[in-house]
Amino acid sequence: MNLKNIGEEYDVAIVGAGPAGLFLANLIKDLDFIVLEEHREVGKPLHCAGLLSLKGLKRIGFMPQKSIQNKVRGAIFISPSGLKLIVESRRDEAVVVNRTFFDKELAEKVSDNIKLRTKVVKVAKRSGKWILKTGSGSIRSKILVDAEGFRYNLSTKLGFEKPPKDLLLPAIQVELEKIRDLNRDLVEIYLGSKWAPGFFAWIIPLSEDEARVGLAARELPFSYLKNFLGKHPIASSKLKKAKVKRILGGRVVLTGIYGKIAKKSSILIGDVAGQTKPTTGGGVVYSGIAAHIASNIIREELAKNSGEIVLEEYDKAWRRLMGRELFLMKTARRFMMQINDKDYDEMIKKMKEIGFESVAERDGDMDFQYKILKKIIMTPSLYISQLPYLLTAFIKSLLTS
Ligand SMILES: Cc1cc2nc3c(=O)[nH]c(=O)nc-3n(C[C@H](O)[C@H](O)[C@H](O)COP(=O)(O)OP(=O)(O)OC[C@H]3O[C@@H](n4cnc5c(N)ncnc54)[C@H](O)[C@@H]3O)c2cc1C
């Protein structure tokens, strides 16, 4: 048992035992650290669809075992009027995991350093050290890592910038069984303002007849989900008679980079740092990438033993690696939030005409979308009539990066 008594001091205190906090914990296992988690169990409550790219998991060096429920080879995009664009590979591209078990797998090797039922309610800095007040006392640390997820309570207290509200969308998801005509190899993405304004609805298969079905929207996600399940001309025929096993809500973070994520001896990681894909909201792999950067910089700073910790290099390194990628994805997201259903249909139709399905299959990467987005930008015929929207999206992204 590595936990010290309340009031003792650690080199690193991580607030939040989600994937971001846990990836980092695993990478600094040999250091003096603690993870503080408000809930009584790691991985709960659940707020994720659990779709993770195999390439991404290999990149971050963590391949889940016990939590994998299904493997998928691609996706079908369904336009507002029902046109289908299928991007399918011959091999498995992604796994669908049970996020509760995934987080527990991540926690296995660092469980001695996780303090559950410990909510950090206040933070202060005194004589160069962080004091973290919890319900049951306080903890001191040289470095503070905020991995609190999408709530921004602590980050605001620490003086980090607030995220742009229009890029945080409320989401809802149900786990269904007894679904008809489900292809367990393909994820289904449904576009259209009638079904999920500002985002999309998804069906992520878990087996031949079970799936996670959800959506994010600018507002009222629950009403939109009810409408989608009961009335979508394609989806409802599969889903209408299905049985709801579980329901969960959350917030999809589409902000990309919008402010600094490091200040002297405190850093943000994961959703709270905007480390998700603005196109899809997927954040697990990105939090793993960020954890690798953060762990190296934390290690170097502690090794200096200079008395003053300076972690700003983490912000710079993240921007160097992901800045271009996130900028383009954020522009694409803002563009997609503005165009209307007719434009969406037109784009999907043109994409089919120019054989985009095979281009996407060849050059697509679920996590690093720069290459494919660049290809789209280099094909102006796809979006020429919506050019003003693209320019507005581009300028807005430029102003908030
Ligand atoms: C509906 C939905 C579906 C999604 N689907 C996918 C998907 O398919 N693939 C994908 O990659 N991503 C997906 N995401 C995004 C993914 O869930 C997040 O990117 C990921 O969970 C971020 O991890 P995190 O560690 O930053 O935050 P979290 O997972 O939110 O963990 C933060 C932890 O910090 C704890 N905490 C917060 N404040 C305090 C405090 N003051 N004191 C102590 N503990 C605290 C919380 O209890 C929580 O356990 C989805 C999100 C939603 C909403």
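Domain 1 and domain 2 bury about 780 Å² between them, and 64% of that area is on carbon and sulfur atoms. The model is predicted. The briefing covers how the chain is divided, how domain 1 meets domain 2, and what surrounds the ligand.

**Division of the chain**

- The chain is split into domain 1, domain 2 and domain 3.
- Domain 1 is assembled from the stretches 9-45, 101-164 and 256-322.
- Domain 2 takes in 71-95 and 165-253, while domain 3 is the stretch 324-399.

**Where domain 1 meets domain 2**

- A distance of 31 Å separates the C-alpha centres of domain 1 and domain 2.
- Eleven residues of domain 1 and ten residues of domain 2 take part in the contact.
- Polar contacts between domain 1 and domain 2 amount to four residue pairs, both residues of a pair being at pLDDT 80 or more.
- On the side of domain 1 that touches domain 2, four residues are nonpolar, five are polar and two are charged.
- Although two charged residues are on that side of domain 1, the number of salt bridges found across the interface with domain 2 is zero.

**Around the ligand**

- The ligand has 35 residues around it. Those that come nearest are Glu37, His39, Ala49, Leu51 and Asp271.
- Asp271, one of these nearest residues, has a side-chain N or O atom 2.6 Å from an oxygen atom of the ligand.
- Gly50 approaches an oxygen atom of the ligand through its backbone, with an N or O atom at 3.2 Å.
- Gly283 also uses its backbone: one of its polar atoms there is 3.1 Å from a nitrogen atom of the ligand.
- The ligand taken alone exposes 1,000 Å², and the protein buries 93% of that area.

Key. Residues numbered from 1 in each chain as written. Predicted model: local features only at pLDDT ≥ 70, side-chain atom pairs only at ≥ 80, totals over all residues. Heavy atoms only, no water. Domains from an automatic or database assignment. Contact = heavy atoms within 4.5 Å. Buried area = accessible area lost by both parts, 1.4 Å probe. Salt bridge = Lys/Arg side-chain N within 4 Å of Asp/Glu carboxyl O. Polar contact = N/O pair within 3.5 Å; in protein donor to acceptor, adjacent residues only side chain to side chain. Nonpolar A, V, L, I, M, F, W, Y, C, P; charged D, E, K, R; others polar. Near = heavy atom within 4 Å. Areas by Shrake-Rupley, 256 points an atom, 1.4 Å probe, with all protein chains shown as cover.
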